[in-house]
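Q: Please take a close look at a single part of the model below, and then place that part in its wider setting. I would like one connected account, with each term explained where it is used.

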Amino acid sequence: SRAQREKDAEEKEAEAERRALEQCTFKPQTRAAAKADKNLSLRHFYDRDVQDKARRAERLEALRLHREAQELEECSFRPRFGTTPRKAQAQAGVHPGEEDFYDRLQEARTKRQAKHADRGAAAR
């Protein structure tokens with residue numbers, strides 16, 4: 001029958017393939033090789049990722065510094081370093097609280113004179 005002949009042909013073909021494979025001595029260890037390649041690939045990926053993150057952080061820091069510099073350029077206030085406000089006032093001949101001190105001194109002198117004048121008038 002035809003079905004039997006096809007079955008026999010398939011069996012002969014399978015047997016021929018099995019004999020051909022028996023003569024092959026090379027047996028690749030695909031699992032170990034694939035695993036080694038995968039580990040190597042993952043390591044390269046990790047290294048690239050670390051480098052990318054470092055470059056990104058440097059770029060962000062440079063942008064931040066640039067923005068700060070731009071903001072400072074817009075500021076009109078420029079502090080003078082090296083001189084304190086008291087030092088600057090002393091150099092200009094103005095001492096903090098000097099006028100208030102002389103006003104209080106004059107007021108105390110006037111009160112004292114009035115007090116002495118009242119005692120002198122009361123003693124007479």
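In which helix does L105 lie?

A: L105 lies in helix α4, which covers residues 98-123; helices here are DSSP runs of H or I with at least four residues, strands are runs of E with at least two, and both are numbered from the N terminus. The model is a predicted one, in which local features need pLDDT of at least 70 and side-chain atom pairs count only at pLDDT 80 or more, while totals for chains, interfaces and linings use all residues. Residues are numbered from 1 along each chain as its sequence is written, and side-chain values use heavy atoms, with hydrogens and water left out.

With a relative accessibility of 33%, L105 counts as partly exposed, a class that falls between buried (under 20% relative accessible area) and exposed (over 50%), judged with a 1.4 Å probe and protein chains only. Together with F101 and Y102, L105 forms a nonpolar patch on the surface, and the accessible area of the three residues is about 290 Å². Such areas come from the Shrake-Rupley method with a 1.4 Å probe, and for residues only the protein chains shown count as cover. A patch is built from residues with over 30% relative accessible area and no salt bridge, where nonpolar side chains (Val, Leu, Ile, Met, Phe, Trp, Tyr) are joined within 5 Å and like charges within 9 Å.

Helix α4 also carries a charged pair, E107 and K111, which are four residues apart, about one turn of the helix. These two form a salt bridge in which the closest N and O atoms are 3.7 Å apart, the term meaning a side-chain nitrogen of Lys or Arg within 4 Å of a carboxyl oxygen of Asp or Glu. E107 is partly exposed at 46% relative accessible area, whereas K111, at 56%, is exposed. Side chains of opposite charge can pair when their charged atoms come close.

The structure holds eight salt bridges, and others among them lie outside helix α4. In helix α2 (residues 30-74), D52 and R55 are three residues apart, about one turn of the helix, and their side chains meet in a salt bridge at 2.4 Å, N to O. Both are partly exposed, D52 with a relative accessible area of 34% and R55 with 48%.

In helix α1 (residues 2-22), R18 and E15 are separated by about one helical turn because they are three residues apart, and the salt bridge between their side chains spans 2.2 Å, N to O. R18 is partly exposed at 41% relative accessibility, as is E15 at 26%, and a network of salt bridges links these two residues with R19.

A patch of negative charge on the surface gathers D8, E10, E11, E13 and E17. One of its members, E11, is found in helix α1 and is partly exposed, with a relative accessible area of 47%. For such patches Asp and Glu count as negative and Lys and Arg as positive, with His and the chain ends not counted, and the place of a charge is taken as CG of Asp, CD of Glu, NZ of Lys or CZ of Arg.

As for the wider setting, the protein has four helices and zero strands, so that the pattern read along the sequence is α-α-α-α. Buried residues make up 0% of its 124 residues. The accessible surface comes to about 12500 Å², of which 53% belongs to carbon and sulfur atoms.
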